[in-house]
Amino acid sequence: MNFLLQPKKLKSLLADDGSRAIMEKTVAFFENMGKTRLTEDFNKKAWYRGFVDFIAAERIFSKLLTPRAYAGGDPDCRWDTARNSEYSELLAFYGLGYWYCFQVTILGLGPIWMSANEAAKRRAAEFLRQGAIFAFGLSERAHGADIYATETTLTPAGEGAWKANGEKYYIGNGNEAEMVSTLGRIKDGSDDYAFFVANYRHKAYELKTNVISHQEYVASFALHDYPIGADELLSRGPAAWDAALNTVNVGKFNIGPASIGVAEHCFYEAITHAANRVLYGMRVTDMPHVRKNFMDAWLRLVGMKLYQRRATDYFRSASETDRRYLLYNPTSKMKVTLQAEEVINLLWDVIAAKGFEKDTYFSMGAVDIRGPSKLEGTVHVNVQLIRKFMQNYFFNPAELPPVPPVLDERDDVFIFRQGPAKGLGAIRFHDYAPAFAGNAHLTNVAAFGRQIALFKELLAQAGPDKQQDMDPSFSLPLGEMFSIVVYGQLILEQAGLDGLDDRRRGGGGGRRGSGALGAGLLGGRARGGRLGLGDAGAKGGGGEQRGGKDAHGGESLESKQKAYHSPALPAALSTAYAAAPRQTQRPPSTSRHAPVTNAASSDAKNTAAVAMSDGRDSLPSGIEATNFARVAGVSSPMNCASSAVSPATGLITLTRMLCGASSAAIERDVTIAAPLLPLYQVSPGRGRTPAVEAIVMKTPSRLARKCGTACRAVRNRLFTLTAKMRSNSDSATSSIGWLRCVVPALLTTTCRSP
Ligand SMILES: Cc1cc2nc3c(=O)[nH]c(=O)nc-3n(C[C@H](O)[C@H](O)[C@H](O)COP(=O)(O)OP(=O)(O)OC[C@H]3O[C@@H](n4cnc5c(N)ncnc54)[C@H](O)[C@@H]3O)c2cc1C
């Protein structure tokens, strides 16, 4: 069983024939098209006429995006978030452009299905049946995320009619959308927001240009006295505002699966290329660092898929009283998309020059993968959103009924009546702790659990004050740290539901350790297990998971789900991976992050890896440690505070200020936080960066700046996060002194008197 999407041996979680037919027909369409045409069209930036015609002929968007109530009896129609996610992954597997056409159709339909305008809804259903695509006209050129600044207007034209004027920018499908859901403001004295629909064929609709250079059509269009009657007006006032935000909620959840699809296809191409390439008489896949890159990429992909699957359950179970999806959704958006970028980085180091070739999917994916993290709100916007939930998530858990996997054929209509988009800070969550406690036998999970406890302590004792809250250089790293906890929680929940194998195979020692699960979750080392590489061209592993059969001799849904989510590791890969020497992480010279030693047999491991804020440093003691320090290649654990630049890497360790910043340097006083860095200690390859920007910048008050003394600077420190890294260390004991601190830790040092 191949855990990754394999279109030619499609394993769908969907049980019904209608859904399977949609997936199979789509695979057939793209396979018939062939890779040559696929890449040529991409390179020529040709609008995907053939795809749009195929969608229309097969009524695919109609089936996927029409709620049952408007389906006119078509049994295949429903709005099923799990199915739409699966379809998104599949489309993006063949090209992000195709997915985008689907994505903006979803967005365009949001304000329509959310409205009380029955005529517009019936019209939308009919257009869908005829094969139309839709668009969402929110953005304007000058305003970006600031939709309060919307300039498009509706001016009264008598008898409940208006004239729309304005210009929209970045509007996907704006060239052919039969209904463009557009946001404007009513200029009748109320300044109410309003959603209305426009049609691209109307003479008052001026299609200006495609503002991007791609297959997709991302339009700039203008409305010149476009007539709007009651049939075109979808909503106004708070309802229109909520429709805008709630529609983005729906669209946002569709982005993670797209990133997954792109990363999967790139994975296949990279491993196929590497497996068939022989350098110095050996296959590239036999090189240990290449194996590590594949392993790392694969584990991240598994994590992304597990998270997305579990978040889908919460999405589909949402109700007026259970709005947890509002946290899991932006976490998916910013985390899964960024992880996919990291996967491509890892793979590109392997596929190298081949990844530029014009007839590869990789060359498309490498360009496209940067997009999803920026759509439906940037990473910043989503992190700021996520922070709103932090207080209740950590300090106010609620008893909520467990959410089972939701794979039935329900119509997810709640997402069209999500209600007011405010009140996020009041949403309650079930306790995150049991998910981690239940997996604490995994070394990395245990380490992560301790860090979460310290993070929580930090929030409790030195939680952000108003000034810090308003300072994105402080609040964004904090929010991103929080997002990792949420990400880990849902991965663990899904791993439990899937019954993932978390045992260390052949590791001995009688202790349960970081197997595929722990490693996939937290970036630790994976051992044992297998990953079937399917069509990828690489040999090894790939044992088919046998599942139960249903009454018709097919696999039962349960066994299908299990097989679908059974990330075993390839034997060949994992053996070499486990045998490979654990490397020292050498950040690229441009990195601002302190280098971290993964493992060493001496005291050096406790010193070289420590990122400190107070400028303390330690000499290695003993011959062995000193020798190790000389050859280790990391920033030497020697006492080199006199030079802030590591002799080994040229890396400037930002924290090496012995007495805190002087008045001149005070604004540059930053602290390496790196609190959850062990997440990414997967015997990493070159060019790794942690998920969290490992610094917290501390802007002292004006008073402190004026005082000009280092002591004041220290006193005015709001708090200091100190990461003490001893990655992959199984031992949790301390030997001597506080520097031999227990495990990777995030410590909080509150203000100290000078
Ligand atoms: C290919 C493509 C297709 C698109 N399709 C559509 C579409 O079909 N319909 C549509 O309406 N829009 C569409 N968009 C617009 C898209 O949703 C926005 O571009 C996106 O939300 C980011 O906005 P922006 O680029 O204007 O960034 P800006 O909003 O200008 O942001 C600038 C910077 O400020 C930061 N920032 C902004 N607000 C905050 C905040 N609250 N907190 C912290 N940081 C903040 C951002 O992170 C960023 O770093 C599309 C864009 C692209 C590129």
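Start at Phe-51 in this predicted model. Set aside its neighbours within four places in sequence, and Phe-51 is in contact with Phe-29, Phe-30, Leu-91, Tyr-98 and Cys-101. Apart from the core around Phe-51 lies another core, of 18 residues. Leu-154, Ala-198, Tyr-205 and Leu-233 are among its members.

Now take the core that holds Phe-51. The largest nonpolar core has 153 residues. Phe-51, Phe-61, Tyr-87, Phe-394 and Phe-482 touch the most other members. Helix α9, residues 288-316, gives the largest share of this core, with 14 residues. Two domains feed the core: at least three residues come from each of domain 1 (9-252) and domain 2 (255-453 + 466-516). In soluble globular proteins, nonpolar side chains tend to be buried together.

Two of the contacts of Phe-51 are Phe-30 and Tyr-98. How do their rings sit? A pair of aromatic rings is described by the distance of the centres and the angle of the planes. The model has 41 aromatic pairs. In one of them, Phe-30 and Tyr-98 meet edge-to-face, 4.8 Å centre to centre, with 65° between the planes. Phe-30 lies in helix α1 and Tyr-98 in helix α5, so this pair ties together parts that are 68 residues apart in sequence. Are these two residues buried or exposed? Phe-30 has 2% relative accessibility, so it counts as buried. Tyr-98 is buried too, at 1%.

Rings also join into a cluster. Its members include Tyr-314, Tyr-328, Phe-389, Phe-394, Phe-436 and Phe-482. Phe-394 and Phe-482 also belong to the largest nonpolar core.

Tyr-98 leads on to a pair of helices. Two packed helices are described by the angle between their axes and the distance between the axes. For α4 and α5, the angle is about 145° and the axes are 6 Å apart. Which residues of α4 and α5 meet? From α4 come Asn-84, Tyr-87, Ser-88, Leu-91, Ala-92 and Tyr-94. From α5 come Leu-96, Tyr-98, Trp-99 and Phe-102. Eight residues of this contact are nonpolar, two are polar and none is charged.

Next comes helix α11, residues 361-368. How many of its eight residues are buried? Seven are, and the helix is mostly covered. The buried ones are Tyr-361, Phe-362, Ser-363, Met-364, Gly-365, Ala-366 and Asp-368. The buried residues of α11 pack against α1 (17-44), α4 (81-94), α5 (96-113), α8 (255-276) and α10 (325-351).

Loops deserve a look as well. Most residues other than glycine have a negative phi, and most peptide bonds are trans. Arg-59 has a positive phi, near 55°. Arg-59 sits in the loop between α2 (49-57) and α3 (60-65). With a relative accessible area of 38%, Arg-59 is partly exposed. Ala-352 also has a positive phi, near 45°. The place of Ala-352 is the loop between α10 and α11. Ala-352 counts as partly exposed, at 35% relative accessibility.

Last, find Glu-140, in the loop between β1 (134-137) and β2 (153-156). Is Glu-140 buried or exposed? Its relative accessible area is 5%, so Glu-140 is buried. Beyond its neighbours within four places in sequence, Glu-140 is in contact with Ala-149, Thr-150, Glu-151, Thr-152, Glu-167, Lys-168, Tyr-169 and Leu-183. Phe-221 is 81 residues away from Glu-140 in sequence, yet their C-alpha atoms are 9.9 Å apart in space.

Notes. Residues numbered from 1 in each chain as written. Predicted model: local features only at pLDDT ≥ 70, side-chain atom pairs only at ≥ 80, totals over all residues. Heavy atoms only, no water. Core = buried A, V, L, I, M, F, W, Y, C linked by side-chain atoms within 4.5 Å. Buried < 20%, exposed > 50% of the residue type's maximum accessible area, 1.4 Å probe, protein only. Helix = DSSP H or I, 4+ residues; strand = E, 2+ residues; numbered from the N terminus. Domains from an automatic or database assignment. Contact = heavy atoms within 4.5 Å. Axes fitted to C-alpha atoms, helices over the stretch in contact; angles between N-to-C directions. Nonpolar A, V, L, I, M, F, W, Y, C, P; charged D, E, K, R; others polar. Phe/Tyr/Trp six-rings, centres within 6.5 Å; stacked < 30°, edge-to-face > 60°.
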